[in-house]
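Please take a moment with the sequence and the structure shown here before reading on. The paragraphs that follow begin with one helix, move to a pair of helices, and end with the chain as a whole.

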Amino acid sequence: MRETSGTADVRGWRDAAERALYGPSGFYRRPEGPAGHFRTSVHASPLFAAAVAGLLCRVDAALGRPAVLDFVDVGAGRGELTRGVLAALPADVAGRTRACAVEIADRPEGLDARIEWRAEPPEAVDGLLFANEWLDNVPVDVAEVDRAGVPRLVLVAPDGTERLGEPVTGAEADWLARWWPLAAEEGLRAEIGLPRDRAWAAAVGRVRRGLAVAVDYAHTLGTRPPFGTLTGFRAGRETAPVPDGTCDITAHVALDACAAAGSGHGTPRLLTQREALRALDITGARPPLSLATTDPAAYVRALAGAGAAAELTAPGGLGDFGWLLQPAGLPEPPL
């Protein structure tokens, strides 16, 4: 715990991060966008967008190929995933797809005119709602156990220094008891994921028929980190989380809690990204050496694709991301 003297502009992490990320001068309103500071699966390889396009095609088939098929990209950055999905779709599916990018920043110049740009998801979605690394940026409060064994809210100043506030009570205390119980050991920390549960349930509730997917850094009840995961990113490097608008502020997601919050809309399924992408035919398998003899150029292309797929599915890296799939009006996720 980094102590701060005084009380001026000291607030809980949820309020501090909300202002630092989404306020008038917040990090997510900066012109360079998230890609200027960190690399997601979307930026790692076009194969990721191709896999999402493949999933959208499976949803399309499960819905009986409707006249209008929705693709909603929540936390769209500067529209990179939406553009990639439209480019990867077969022409007949692309012609029926209504693409919507959801982001608080202004619409990027030159964005494909087919893409609707919104600050909130549409009220009704028939198709695929996809949230890649969105929930980890839904701000949450942080709790820390004090000397008496009591979980207290962590308060933070704009320079990142912290002190303990009041004990955690009410719905937040109930969430901790259910999803991230803390032993009475001084210094243990947890991120209170209740706002993420509510955000996910609200997003899933807009899907009338189809599938909602959240992809994120994740942990589940049996693997909660003892000191939390709150961190920052600036210019491609991990850094201390400072709520001054100059860096991303993120924490891993309790996806099992989100799954339970949205389960009234459909039976959820949790996978690793490695499992999900392999089910979507992104395997990372090397091409046969015989191809190098018969078609060297094709071999080089296939080898490059295998390398990109291997990065997206790598244990200890992007492959360990969690995928939460929640169907609506379908018996199970079409995966």
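**One helix and its surroundings**

In this predicted model, helix 6 spans residues 170–179, and W175, L176 and W179 within this helix are buried. When one looks down the axis of helix 6, the buried residues fall within an arc of 100 degrees, so they line one face of the helix. The face turned away from that buried side carries D174 and A177, which are exposed. The cover over the buried residues of helix 6 includes strand 6 (141–145), strand 7 (151–156), strand 9 (189–192) and strand 15 (253–254), together with helix 7 (194–204) and helix 8 (255–262).

Helix 7 and helix 8, both part of that cover, can also be considered as a pair. Two packed helices are described by the angle between their axes and the distance between those axes. Here the axes of helix 7 and helix 8 come within 8 Å and cross at roughly 45 degrees, and the two helices are therefore oblique to each other. The crossing in which helix 7 passes helix 8 is right-handed. On the side of helix 7 the contact is made by R196, D197, W200, A201 and V204, and on the side of helix 8 by A257, C258, A261 and G262. The residues of this contact divide into six nonpolar, one polar and two charged.

Turning to the whole, the protein chain has 11 helices and 17 strands, and buried residues make up 53% of its 335 residues. Among the contacts in the chain with a separation of 6 or more, 74% are between residues 24 or more positions apart.

Methods
Residues numbered from 1 in each chain as written. Predicted model: local features only at pLDDT ≥ 70, side-chain atom pairs only at ≥ 80, totals over all residues. Heavy atoms only, no water. Buried < 20%, exposed > 50% of the residue type's maximum accessible area, 1.4 Å probe, protein only. Helix = DSSP H or I, 4+ residues; strand = E, 2+ residues; numbered from the N terminus. Arc of directions from axis to C-beta. Contact = heavy atoms within 4.5 Å. Axes fitted to C-alpha atoms, helices over the stretch in contact; angles between N-to-C directions. Parallel < 35°, antiparallel > 145°, perpendicular 65-115°, else oblique. Left-handed = near helix turned anticlockwise from the far one by under 90°. Nonpolar A, V, L, I, M, F, W, Y, C, P; charged D, E, K, R; others polar.
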